[in-house]
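Colleague: I have a new model open and would like to learn how to read it feature by feature. Could you walk me through it?

Modeller: Gladly; let's bring it up and begin with the sheet.

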Amino acid sequence: MPIQTEVPTETEVLIIGAGPVGLALALELGQQGQACLLVECQSRAGLAPRAKTTNVRTRELLRRWGIAGHLADASPFGVDYPSNVVFATRMDGHELTRFENAFYCAPERDDRFSEHAQWIPQYKVEQVLREHALACGGVALREGLRLCALRQDQDRVEATLEDVASGQRSTVRARYLVGADGARSTVRDQLGIKMAGVSPLSMHRNHVFRAPRLASQHHFGPAVMYWLINPDMPSVLAPLDDGDLWTFGHARPADADNDAPPEALITRALGFATDIEVLGSDDWTAHQLVADRYRDRRVFLAGDACHLHPPFGGHGMNMGIGDAVDLGWKLAAVLSGWGGPALLDSYEIERRQVHQRVIGESVLNHSYRSEALLRPDLEQAGPAGDQARADVATLIQTVKQPEFDSLGVVLGAHYETSPVLAREPQDSAPWVPGPRYEAHARPGCRAPHVWLDAGRAHGASLFDHFASGSLTLLSTRPYAHRHAQPVLDAAHATGLPLKHLPLDTAELRDRYGADLVLVRPDHHVAWRGNSATAAIAALAVARGAA
């Protein structure tokens, strides 16, 4: 779809930044019939790998949008490519240990989630999001524009945009504005919002290169990452895309190696010579930073604009897309007239809890980088080398397992505190999830997943039946179906769209622990209980009007 150059003067939501977070927000709004304008000042083209893991939760959200299959089709190696993570001294050296099916990328049915993860470069994720966002009638994208200034009153936000090439300025008025413009957010700067935490944690350099023979020159088999643990060049090597494209990342210490040709650094880490064509290099810094505020009246921050953490564990892009869905359905509810003011207040309250947990995990993962796993004698022959390698293998399996088996963080993200959650006495005590994922239907948790066709390898997920633009009332046994009608009547009287989903299986009742469950558009439980009267009271809370 062609991108027009004329800049609209009015829109419902103005989104600054057309990376994965901005595109996801536009797609969420567009699918719910809300008009939005995306503006982007920089070119998103190129081979910068950025994120490479689209985790199971993000893939569930893509399924919710109806595009998970499109992302699978865009996979450069196919979804059957093994998502193994190999730790070795060099590519011609000793294998230390490995993690198989890291991040749960294998396309196998799993009762815990509706979609497997996928190893795919971020630029391809952006292509899929962009294509489908722009297919929504109310979504517009304008490139080559930067935000110069913003002003707001009680009804609108007014943004001054400048064409990067011509310097021509235009003004856009919107009901709301969202800064999805990354680590150096102009929106955040315009609002005077500070980032708190630690920076820098470490500095790194990444190279993208073509190596036609490399995949056949080692004996470790296909993998999504090769962690190379040696004293010369501790690093991480990964296949990036078809066409024999690879990425190579390493720490960037303040020494002479900073100026060494990347071909020499890569060869040193591999342990053998191969044909290398370096296509690009970039430096990046690991941070541990969170914004003081995510909102100023009608302006919001999402993604890297409000939280930065090390990429170890693959949470960055995924957490930003989660921000977009949380904020997107709430903005759509308010713009549609059924969402109350507490719904928008809940965005920062809820997402900050997730950000803090994920940042903690990412910083811990970051502390065990390739160079931190080095031990003497690791490449030596004989008993001393054997013992060193065995010790490091044990260490790796202990400290890196949470990085590659992270369902507890990915699916266990929950909102313990929120103004739009209603809890019955059974759920009133404080609750902290464990490190391993266990499905829980407590309000604030992602709803437990259930396959509705147990005899088929791939089929109907319970999540497929949840409403994406309204609340869902799930009733889990026959007599509860009849009790749902007063709740539906109460919702209709207030203009709240509410879908009734009557299902009755012993498994479902056991999983959810209640006869009636209110599920939000983002799959999180808003309330559960056994009383229609309590459900009616919970409606007002869940839509932010209580």
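Colleague: Which residue in strand 14 is the bridge partner of L237?

Modeller: Before we look, keep in mind that this is a predicted model. In general, strands of a sheet pair through backbone hydrogen bonds, either parallel or antiparallel. Here, L237 has F248 as its bridge partner in strand 14. That bridge belongs to a pairing of strand 13 (residues 235-241) with strand 14 (residues 245-251). The two strands run antiparallel and are joined by six bridges.

Colleague: How many strands form the open sheet, and in what order?

Modeller: Eight strands, in the order 5-4-12-13-14-11-15-18, and the pairing is mixed. At the edges sit strand 5 (95-99) and strand 18 (307-308), each of which pairs on one side only.

Colleague: Strand 11 is part of that order too. Is R205, in strand 11 (residues 195-210), buried or exposed?

Modeller: R205 counts as buried because its relative accessible area is 18%, and the cut-off for buried is under 20%. The side chain of R205 also makes a polar contact of 2.5 Å with the side chain of D283.

Colleague: And what about a loop residue, such as H94? Where does H94 lie?

Modeller: H94 is in the loop that runs between strand 4 (85-88) and strand 5. With a relative accessible area of 32%, H94 is partly exposed. Setting aside neighbours within four places in sequence, the residues in contact with H94 are F87, A88, T89, F220, L378, E379 and R389. For a C-alpha view, H94 and L228 are 134 residues apart along the chain, yet their C-alpha atoms are separated by 9.8 Å.

Colleague: Let's turn to helices. How many residues of helix 2 are buried?

Modeller: Nine of the 10 residues in helix 2 (residues 56-65) are buried, so the helix is mostly covered. Among them are charged side chains you may want to inspect, including R57, R59, E60 and R64. Both ends deserve a look as well. At the start of helix 2, a side-chain oxygen of N55 comes to within 3.1 Å of the backbone nitrogen of R57. Just after the helix, G66 adopts a positive phi of about 80°.

Colleague: How should I think about empty space, and how many cavities of 30 Å³ or more are there?

Modeller: The general idea is simple: rolling a probe the size of a water molecule over the atoms shows where empty space is left. This structure holds four cavities of 30 Å³ or more. The largest cavity contains about 270 Å³ of space. Its lining has 20 residues, and R57, G322, R351, V410 and A413 lie nearest the centre. Helix 2, helix 7 (316-336), helix 8 and helix 11 each give two or more residues to that lining. Helix 7 supplies the largest share, five residues. By class, the lining of the largest cavity divides into nine nonpolar, six polar and five charged residues.

Colleague: Which residues lie nearest the centre of the second largest pocket?

Modeller: They are R357, E361, G408, V409 and G434, out of 18 lining residues. This pocket has a volume of about 250 Å³. Helix 8 (341-366), helix 10 (401-404) and helix 11 (407-410) each give two or more residues to its lining, with helix 8 giving the most, four residues. The lining of the second largest pocket has seven nonpolar, six polar and five charged residues.

Note on methods
Residues numbered from 1 in each chain as written. Predicted model: local features only at pLDDT ≥ 70, side-chain atom pairs only at ≥ 80, totals over all residues. Heavy atoms only, no water. 1 Å grid on protein atoms, 1.4 Å probe; cavity = no way out; pocket = protein on both sides within 12 Å on 5 of 7 lines; lining within 4 Å. Points joined across faces, edges and corners; volume = space filled by probe spheres on them. Buried < 20%, exposed > 50% of the residue type's maximum accessible area, 1.4 Å probe, protein only. Polar contact = N/O pair within 3.5 Å; in protein donor to acceptor, adjacent residues only side chain to side chain. Pairing = 2+ DSSP bridges. Contact = heavy atoms within 4.5 Å.
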